[in-house]
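Please look over the sequence and the structure shown below. The report that follows describes a few places in them, one after another.

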Amino acid sequence: MNPWRTRDTDWDGVRLHVVTGKGGTGKTTVAAAMALALAAAGRKVLLIEVEGRQGIARLFDVPPLPYSERKVAIGLGADGAGQGGDVYALAVDPEGALLDYLEMFYNLRRTGKALTRLGVMDFATTIAPGLADLLVTGKATEAARRRVDSRDGSPHVYHTVVMDAPPTGRIGRFLNVSTEVSGLAKVGPIKTHADTVAKVIRSPQTVVHFVTTLEEMPVQETLDGIAELRELTGGAIRPGGIIVNMARPAMLEGAELAAAASGSLDVTELAVGLKAAGIGDNHGLAADLMTELREHARQVLLQNRERDELRAAGRPLYELPMITDEIDLAGLYQLAGALRRQGAA
Amino acid sequence: MKPVRLEMDRIIDDRRTRIIVCCGSGGVGKTTAAAAIGLRAAERGRQACVLTVDPARRLAQSMGLTSLDNIPRRVDGVEVADGGSLHAMMLDMKRTFDEIVEAHADPDRAAQILANPFYQSLSSSFAGTQEYMAMEKLGQLRRAEEWDLIVVDTPPSRSALDFLDAPQRLGRFLDGRLIRLLTGPAKAGMSYMKVLNAGLAVMTGALTKVLGTQLLKDAQTFIAALDTMFGGFRERAESTYRLLQAPGTAFLVVATPEPDALREASYFVERLDEERMPLAGLILNRVHTSPAGRLSAARSLAAAETLEMQTQPNGRLVPGSGHSITVAALRMHAERMHLGRRERRLAEHFTSAHPAVPVAEVVAQPEDVHDLEGLRLIGEILSRQDRAPGSRGAGF
């Protein structure tokens, strides 16, 4: 079987998946799960972290990632087609990316180190912080563009690149930085570099997925983020799917749900149930449980409303369950499976 | 291990407290906490001003902020006690930057800087600028002496402590050799030139190669134009930094009981200590509690299973079974107890590592806060702390 055979997913042909989300929604976890899901039989996937938080290393329980591509896991096995491909990870920092850039395009690595000592990195992050974003997005697009292994064979050719990107509030500016710098530089090598980066980011090969929970603020930020991306780039940077994370399962449905939310359920009925289960209704336990059930029902109704709002955005919607325990590798595979079953990867 | 209780009202009521900084990772409720504290302070007689960097729209509306106009606006609907008042403002980083330029350069030069494309890009859209400007604005508000308490939340930075590093980084940069290189050899000084003489040509060559002649020229023009105001800029950044270290400042680290948020909180606590910044405590936000904590998760789950067995005597699923509500309540309760126990464990990890850090807990609210009433409630919960955190009902 040809391992590069295209599976039918919602994002065939996409080579760079940018994953964003409001802080606390679990975008790093979702990016990692997506990388596992995309790494089907024989497919090599690169997972990139850009914020220096070493979240990927923690998730995969490996030592802190250096500025080099390291194998961190094996992808989710394809349905009946054996073991998955390799997932590599890379933590990109602007300084490393600058040295990389100097070496790759100018063969200037030693000069680059001297420039760092001179304060060029301060220049990049202080007065022109946009340069830092450009270098980081530049590295991600470089990995996505690779078609042949380089001379010494160290970088890899990847089928897909997944980027754990900055949060929703910053994503538009972050991705659009190449266009902005390009406008600023007008001519010269930086402009050429920025244009190359912008070309990949503004092509159908790149999509931006939004991770959210079913809460008001993250949902609002998701909708704002999609709108901002459209406004800022005139639709040139494509929104991908909306991934609902940590959805709490509804214990009640329909009429019972509505009744629980409005507080019109019968407490005695619950007390009778407790008694049948061998639990005495001591100190108003049934009433306390009913209070809890009411809060739960209201939360479920709120979740449903938020889900409807997200649907109105017209993007494919995927849903990942709440994992109550701290997420480990098993949890990641579970989420990866959920993404694949829903066609996200 | 039980943490020390964070006494919010004592901090608010202490007239010597002049600045409260709410920091923490993204999405933990910094802005809500800052607004709630500002409101409570105003209603307890302080003249408070809430400076917020990036509020959610509805939260901004709850304080009557409709536009980003960089001017503190009086918040209506506050039940002010004797002499108290509440103002709030959203940071406009570009305007703040413009104002610094205008204040430090003569009109011609200011106009020249404001028109420079490099400046326009830098002041309006580049990450990092927000941190400088938030600190600058904080310094301005403090120096204005119009408020006796300023509550500020910190920008959602890529690195949580960018706002602390920003002033120093700026100073380091301005003192840096790169600036002297860019602004011309005349400034670099002879001895320095001798040392670097051989390397200098290579450096400028490399810079030209990487940046391109045109961009390098733009940057040079920009830096030369800014040169006159650098001193003032750095001085202000340093004085703001010292202001943060002063005893009148109280840092509150905000976190949710999640591994990432608490890890970031630990990092904050350590950094604040290193920088000798006065830490007041941790606000543990969105904690899940249960009014039925005396029923353990295990017992609740077992009871749910017992009931399901009873309603399906032949092992067949009977729709609309008699005890469906009870089963739902028990399963839901078990999950909540499970979550609560996990949160408790995470909070205990934090306190084991930082036993001296006082903690205040805010229980998870069923819905987001979007009016003054909601903010008032959060303020009350923050200060209520009638039970020491950790002494919760059985089960957790």
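In this predicted model, A:Ala40 sits in the loop between helix 1 (27–38) and strand 2 (45–49) of chain A. A:Ala40 is buried, because 27 other C-beta atoms lie within 10 Å, and 20 or more are enough for a residue to count as buried. A second loop residue of chain A is A:Gly23, placed between strand 1 (16–21) and helix 1. A:Gly23 has 24 C-beta neighbours inside 10 Å and therefore counts as buried too.

For each of these two residues, a separation along the sequence can be set beside a distance in space. The table lists one pair for A:Ala40 and one for A:Gly23.

| Pair | Apart in sequence | Apart in space, C-alpha to C-alpha |
|---|---|---|
| A:Ala40 and A:Arg340 | 300 residues | 10.0 Å |
| A:Gly23 and A:Glu253 | 230 residues | 30 Å |

**Domains of chain A**

Chain A is divided into two parts: domain 1 covers 16–248 + 322–341, and domain 2 covers 254–300. Domain 1 is thus written as two stretches of sequence. Taken over C-alpha atoms, the centres of domain 1 and domain 2 of chain A are separated by 46 Å.

**A pair of helices in chain A**

Helix 7 (residues 168–185) and helix 9 (residues 216–233) of chain A have axes that come within 8 Å of each other and cross at roughly 20 degrees. Helix 7 of chain A is therefore roughly parallel to helix 9 of chain A, since angles under 35 degrees count as roughly parallel. The crossing of helix 7 and helix 9 of chain A is right-handed.

Which residues of the two helices make the contact? From helix 7 of chain A they are A:Thr168, A:Gly169, A:Ile171, A:Gly172 and A:Asn176. Helix 9 of chain A contributes A:Glu221, A:Thr222, A:Gly225, A:Glu228, A:Leu229, A:Leu232 and A:Thr233. Sorted by kind, the residues of this contact are 3 nonpolar, 7 polar and 2 charged.

**Chain B as a whole**

Chain B has 16 helices and 8 strands. Of the 396 residues in chain B, 48% are buried. Among the contacts in chain B with a separation of 6 or more, 80% are between residues 24 or more positions apart.

Key:
Residues are numbered from 1 along each chain as its sequence is written. Chains are lettered from A and ligands numbered from 1 in the order in which they are written. This is a predicted model: local features need pLDDT of at least 70, side-chain atom pairs count only at pLDDT 80 or more; totals for chains, interfaces and linings use all residues. Axes are lines fitted to C-alpha atoms, for helices over the stretch in contact, and angles run from 0 to 180 degrees between N-to-C directions. Helices (H or I, at least four residues) and strands (E, at least two) are DSSP runs, numbered from the N terminus. Angles under 35 degrees count as roughly parallel, over 145 as roughly antiparallel, 65 to 115 as roughly perpendicular and the rest as oblique. A crossing is left-handed if the near helix is turned anticlockwise from the far one by less than a right angle, and right-handed if clockwise. Two residues are in contact if their C-beta atoms, placed from the backbone, lie within 7 Å. Ala, Val, Leu, Ile, Met, Phe, Trp, Tyr, Cys and Pro count as nonpolar, Asp, Glu, Lys and Arg as charged, and the others, Gly among them, as polar. Domain bounds come from an automatic or database domain assignment. A residue is buried if 20 or more other C-beta atoms lie within 10 Å of its own, exposed if 12 or fewer, and partly exposed in between; C-beta atoms are placed from the backbone.
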